[in-house]
Amino acid sequence: MPFVPPFLYRMAGIKAGDGTKMSVRSVRTARNGHHTIGGGSNLSCYFSYDRPEAQITIGDRSYIGKSHLVAADRITIGNDVMISWGTTIVDHNSHSLDWKQRAHDVAGWNQGKKDWSGIGIAPVTIEDHAFIGLGVTILKGVTIGKGAVVGAGSVVTKDVAPFTTVAGNPARLIRAKSPALKAV
């Protein structure tokens, strides 16, 4: 997978720590919004900023495969987090659940506008040392605790406690484990 030389993504306005590697897709989409990326990370994801004030923060030594981060408010990913390919993380519902409030969404898009009133928005946080498997969907308002594991194909609609394993649709507790982390 080709990575962009650091001087080029810095010229594009990407704020990333030393040693971070970013794919062309990551650079191309990150430059459109507010972000902070730590050092030593490896990113091949798409960034989407659905509102001008949206923020995406990624810690040090984290890996994100070909996945999609969609923020209207805030997505925060800690240090030493691994997110596999095909994962989608979104901090909002995208559209109102009430037909009357979403009736004009397409017309609004065509005019470059979006009415965010009536749309549920809540930040997503993935804490340090978490592992997110292949093809996971993480929805608004969720916190994935430190050292937690989310199994492949899961849909996470509620918080995941630290040092637990969840899987399924919706994600359910599979196992609790003791924190056996050693300093990096």
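## Y9 and helix α1

Y9 sits in helix α1, and at 0% relative accessibility this residue counts as buried. The model you are looking at is a predicted one, so the values given here are computed from its atoms. Setting aside the neighbours within four places in sequence, Y9 is in contact with V4, I14, A16, T20, K21, M22 and V27. H95 is a useful landmark for getting a sense of distance: Y9 and H95 are 86 residues apart in sequence, and their C-alpha atoms are 32 Å apart in space.

Helix α1 covers residues 6-11 and also holds M11. How much of M11 is accessible? Its relative accessible area is 67%, so M11 is exposed, whereas Y9 is buried. Together with F7 and L8, M11 forms a nonpolar patch on the surface. The accessible area of these three residues together is about 360 Å².

## The parallel sheet

Next, look for an open sheet of 5 strands. Their order is β5-β8-β11-β14-β17, and they pair in the parallel sense. The edges are taken by β5 (46-49) and β17 (155-156). Each of these two has a single partner strand, so one side of each is left without a neighbour in the sheet.

At the β5 edge, 4 bridges join β5 to strand β8, which spans residues 68-71. To find one of these positions by eye, start at S48, whose bridge partner in β8 is V70. As a general point for following any strand, side chains in a regular strand alternate between the two faces of the sheet.

## The β18-β19 hairpin

Further along the chain, strand β18 (residues 164-167) pairs with β19 in the antiparallel sense, over 4 bridges. The two strands form a hairpin with 4 residues between them. In the turn, G168 has a positive phi of about 110°. Two positions help to trace the pairing: T165 has R175 as its bridge partner in β19, and A167 stands opposite R172 in β19.

Is strand β19 largely in the open or buried? Of its 5 residues (172-176), the number buried is 0, so β19 lies largely in the open. Strand β18, for its part, also pairs with β16 (residues 149-150), here in the parallel sense and over 2 bridges. In that pairing, V150 has V166 of β18 as its bridge partner.

## A buried serine in a loop

S96 is worth a visit too. This residue lies in the loop between β11 (88-90) and α3 (99-102). With a relative accessible area of 5%, S96 is buried.

Which residues does S96 touch, if those up to four places away in sequence are not counted? They are Q101, R102, G118 and I119. With Q101, the link is a polar contact of 2.7 Å between the two side chains. With G118, the S96 side chain reaches the backbone oxygen, at 3.5 Å.

## Salt bridges

How many salt bridges does the structure hold? There are 4, and three examples follow. One of them brings us back to helix α1's part of the chain: R10 forms a salt bridge with D18, and the closest N and O atoms are 3.7 Å apart. R10 counts as partly exposed at 38% relative accessibility, while D18 is exposed, at 68%. Another joins the side chains of E53 and R51, with 3.3 Å from N to O. E53 is partly exposed, with 43% relative accessibility.

The side chains of R61 and D80 also meet in a salt bridge, at 2.8 Å from N to O. This pair links distant parts of the chain, 19 residues apart. R61 lies in the loop between β6 (55-58) and β7 (63-64), and D80 lies in the loop between β9 (74-77) and β10 (82-83). Are the two partners buried or partly exposed? R61 counts as partly exposed, at 39% relative accessibility. D80 has a relative accessible area of 17%, so this residue is buried.

Technical notes: Residues numbered from 1 in each chain as written. Predicted model: local features only at pLDDT ≥ 70, side-chain atom pairs only at ≥ 80, totals over all residues. Heavy atoms only, no water. Buried < 20%, exposed > 50% of the residue type's maximum accessible area, 1.4 Å probe, protein only. Pairing = 2+ DSSP bridges. Polar contact = N/O pair within 3.5 Å; in protein donor to acceptor, adjacent residues only side chain to side chain. Contact = heavy atoms within 4.5 Å. Patch = residues over 30% accessible without salt bridge, like charges linked within 9 Å, V, L, I, M, F, W, Y side chains within 5 Å. Areas by Shrake-Rupley, 256 points an atom, 1.4 Å probe, with all protein chains shown as cover.
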